[in-house]
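Me: Please take one part of this model and look at it closely. Start from what the database record says about it, then go on to what it touches.

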Amino acid sequence: MKGVAVTGMGIISSIGRNLDDTLFSLQNAKDGISKPEILITRHKNTPVGEIKMTNSDLSEILNLPPDNNYTRAALLAVFAINELLRKSNFIHFPEDTALISGTSIGGMDKTEEHYFDFQEKKEVRKYIQAQHPGFTTENVAAYFGLGGKVTTLSTACSSSANAIMMGARLIASGKLKRVIVGGSDCLTRFTLNGFHSLKILSQTKNRPFDDDRDGLNLGEAAGYLLLEADDCLNGKKIMGRICGYGNANDAYHQTASSENGEGAYRVIMAALKKADLSPSDISYVNAHGTGTNNNDLSESVALTRIFGDNVPPFSSTKGFTGHTLGAAGAIEAIFSLLSLQNDEIYPNLNFQNHMLETGLKPVQVLRKQKVDTVLSNSFGFGGNCTSLIFRKND
Amino acid sequence: MTRLFVNGMASISPQPENIFNTGLPETFNENILPALDQDYKSIIKPMTLRRMSQGVKMALFCSKRALLEAESDKPDAILVGTGQGCMQDTEKFMENMLVSEEGLLSPTSFIQSTHNTVAGQIALDLNCNGPNMTFTQNSVSFESALLDAMLQITDEDFNNILVGGVDETSKEITGFQKLDGQIKEEKINNLHLFRSKTTGTIISEAAAFFILGKHKTPKSYAEMLDVEIFNAIDISDLNSSVLSFLNRNGLTVSEIDAVILGKNGDLRFDLYYDKIQKGLFSDICQIGFKHLVGENNAVSSYAFWLASKILKEQTVPEIFKLNTINCTKPGFILIYNQYLGRNHGLTLLRSI
């Protein structure tokens with residue numbers, strides 16, 4: 001397929017509060033992994049990819065009243081979409097602009113903060129509905145006055161990749177002219193303790209695809225793309241096109257990925273087919289690569305099944321941002337588009353030794369090379385696997 | 001455009017499915033309505049059943065029954081709408097985490113707390129590698145899944161898609177809904193819901209799943225024509241939103257045979273339904289369902305079940321009727337639902 005045009009981007013993560021800062025960090029191997037300072041938790045020494053801005057800092061920048069009911073994920077989303085809007089030709093988004101957002105846990109930060117207060121404190125009851133991801137998306141829609149198609153995908157760590165895919169389908173089918181797609185997730189004690197209980201949090205900086213990898217770092221981020229139909233581009237700058245996508249289920253285990261990477265294999269093949277490309281057409285793979293034993297092995301096996309001895313240059317950017325859960329697919333879509341625009345591949349940080357099973361080595365330092373097509377993977381709990389393919393607009 | 005037929009379906013709610021034929025409702029005097037218990041172990045292995053929360057159980061049971069009815073082993077994709085997700089496991093993990101002050105925790109309830117647990121568990125059980133989506137947008141969660149079904153059946157050239165809506169209740173988190181005005185303060189009998197002149201509603205747990213196929217079969221219930229979602233509609237714009245939806249399907253109001261409304265007895269937001277009941281659809285058979293099955297974020301899937309049933313059986317049971325206008329030959333049915341004045345969904349079906 002020709003692909004759906006991406007005409008705008010906005011991002012905030014632990015490596016930057018806008019596209020320029022993000023690009024600078026990616027090019028200069030500056031990670032955003034630190035000890036938690038904003039998130040109040042007992043796990044004080046567990047590294048995270050935290051955005052060093054409090055909710056009040058964010059509310060103030062966004063001109064929200066102090067008594068607003070925005071969740072942190074909503075604040076981050078609005079912050080990122082504001083950048084997208086600022087750099088577009090619009091003063092306000094046109095009325096028919098849709099919003100499809102992905103999030104894993106939505107406003108769980110407010111639920112955990114006030115869980116035992118709802119009964120007694122009337123003033124915090126505005127957060128009762130915050131637990132449900134749609135609430136966060138509604139906050140965002142309200143901020144930008146989006147009254148039309150607005151929905152939320154919640155498929156754990158592939159949420160925003162799936163939001164991008166659905167948005168692309170809506171444009172390609174002719175049902176929509178313009179849609180904001182992406183996702184947002186914030187750090188919470190709920191997820192930090194959840195991943196801790198699964199014993200997959202690294203106590204050091206995460207090392208995707210390394211033989212000695214020992215888990216992931218959680219992160220927080222929001223990233224959004226503007227997708228527009230070709231007949232309303234009017235000569236706008238196109239950052240790249242989404243030309244392939246696919247989703248499949250591993251149907252293997254509720255949390256673990258299969259040893260043969262079946263789900264990953266299927267989606268990559270599906271995305272290639274949709275894009276009408278063969279494996280050798282892929283210039284770079286932005287891998288899911290969380291740094292857990294299970295994911296990285298399963299994904300490596302899938303890559304070797306598809307690409308054989310010719311695995312293209314690949315890297316996981318989780319070493320920069322940590323695993324930002326539902327937002328990961330969206331921010332990595334943006335990294336992929338930056339890679340296309342600048343003809344460069346961002347490194348897989350903290351890698352030392354290749355894993356014995358596959359011998360695969362990711363790109364370890366910034367590499368300048370022609371990048372025409374990028375495959376971006378996002379895999380989640382529940383066996384949910386999504387791959388997106390981006391290509392240059394020419 | 002690929003057509004979509006309802007080729008199999010099943011629902012679990014506070015009412016038995018045969019209410020459609022018997023007209024005999026279950027009555028409740030509590031404002032949180034449980035779903036009627038089912039013979040789950042008849043089609044779900046007892047070993048796996050024990051670990052399942054109410055939502056997963058209801059959804060898997062309905063999925064398997066819908067597949068059986070459609071004589072299909074496995075769908076090409078699984079699309080689930082759930083506004084509140086797996087609240088029981090969320091509540092469990094949340095309380096353990098807070099009470100233990102982030103102590104040693106068992107991961108089981110965390111694993112099962114993610115919103116896509118239901119869709120993931122169905123895929124595991126059916127060994128289905130196809131696309132697996134979970135939509136969670138308040139009262140348009142199910143409609144979002146329908147929208148994706150329309151997109152995927154064409155884009156992926158699928159034959160059969162499993163689409164469903166499910167929401168469960170949990171002790172504390174559902175209880176919170178009493179505090180912010182979502183649940184009525186005074187206890188009422190569900191059958192008196194539309195007579196109540198107060199704010200809030202009655203909340204329930206329910207599930208309804210469907211096999212949507214691109215081919216008509218002898219068992220098909222109805223054809224789904226279109227779906228649309230609106231995050232916010234000003235009440236003064238409601239008519240034009242409904243009309244333009246009908247218009248894009250080549251229909252006028254007079255061609256609609258019945259309208260199913262998500263009226264829920266909340267004085268503040270039933271205004272939307274009142275407006276079209278007294279206006280656009282005043283001469284058309286009006287149908288309600290929340291006085292029987294209560295309100296929840298995925299309950300429009302019950303309305304979809306009801307519409308499909310009406311279109312197949314060609315009758316509108318009295319117990320669902322909101323006015324006295326007869327509908328002798330149901331052809332086109334429109335479903336309109338919203339919650340708290342946000343997340344409006346319009347769905348159109350027709351008889352085959």
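Reply: A word on the record comes before its content: UniProt feature names are shortened, and the annotations may be inferred rather than shown by experiment. The model itself is predicted.

With that in mind, the part to look at is residues 44–215 of chain B, which an unreviewed UniProt entry annotates as "domain: Beta-ketoacyl synthase-like N-terminal". Helix makes up 41% of this span and strand 16%. The C-alpha atoms at its two ends lie 28 Å apart.

The domain assignment is a separate matter from the record. It divides chain B into domain 1, residues 4–213, and domain 2, residues 222–350. Taken over C-alpha atoms, the centres of these two domains of chain B are 21 Å apart. Where they meet, 54 residues of domain 1 of chain B are in contact with 48 residues of domain 2 of chain B. Between them the two domains of chain B bury about 4,300 Å², and 64% of that area is on carbon and sulfur atoms. The count of salt bridges between domain 1 and domain 2 of chain B is 0, while the count of residue pairs in polar contact there is 21.

Which elements of domain 1 of chain B give two or more residues to the side that touches domain 2 of chain B? They are strand 1 (4–12), helix 1 (19–22), helix 7 (141–155), strand 5 (160–167), strand 6 (203–204) and strand 7 (206–213) of chain B. Helix 7 of chain B gives the largest share of that side, 7 residues. By class, this side of domain 1 of chain B has 25 nonpolar, 23 polar and 6 charged residues.

Chain B also touches a partner. In this interface, 66 residues of chain B are in contact with 64 residues of chain A. About 5,500 Å² is buried between the two chains, with carbon and sulfur atoms giving 58% of it. On the side of chain A, Tyr115(A), Phe190(A) and Gln254(A) lose the most area to chain B, together 13% of what that side buries. Between chain A and chain B the count is 6 salt bridges. In a salt bridge between the chains, the side chain of Asp155(B) meets that of Arg169(A), at 2.7 Å from N to O. The interface of chain A and chain B also has 31 residue pairs in polar contact. Several elements of chain A supply at least two residues each to the side that touches chain B, among them helix 6 (159–172) and helix 7 (189–197). The largest share of that side comes from helix 7 of chain A, with 7 residues. The side of chain A that touches chain B divides into 24 nonpolar, 29 polar and 11 charged residues.

Chain A can be laid out in the manner used above for chain B. Its assignment gives domain 1 (4–232) and domain 2 (243–391). Their centres, over C-alpha atoms, are 21 Å apart. The contact takes 63 residues from domain 1 of chain A and 60 from domain 2 of chain A. The area buried between these domains of chain A is about 4,700 Å², 67% of it on carbon and sulfur atoms. Their interface has 1 salt bridge. Asp296(A) and Arg213(A) form a salt bridge in which the closest N and O atoms are 3.9 Å apart.

Conventions
Residues numbered from 1 in each chain as written. Chains lettered and ligands numbered in written order. Predicted model: local features only at pLDDT ≥ 70, side-chain atom pairs only at ≥ 80, totals over all residues. Heavy atoms only, no water. Domains from an automatic or database assignment. Contact = heavy atoms within 4.5 Å. Buried area = accessible area lost by both parts, 1.4 Å probe. Salt bridge = Lys/Arg side-chain N within 4 Å of Asp/Glu carboxyl O. Polar contact = N/O pair within 3.5 Å; in protein donor to acceptor, adjacent residues only side chain to side chain. Helix = DSSP H or I, 4+ residues; strand = E, 2+ residues; numbered from the N terminus. Nonpolar A, V, L, I, M, F, W, Y, C, P; charged D, E, K, R; others polar.
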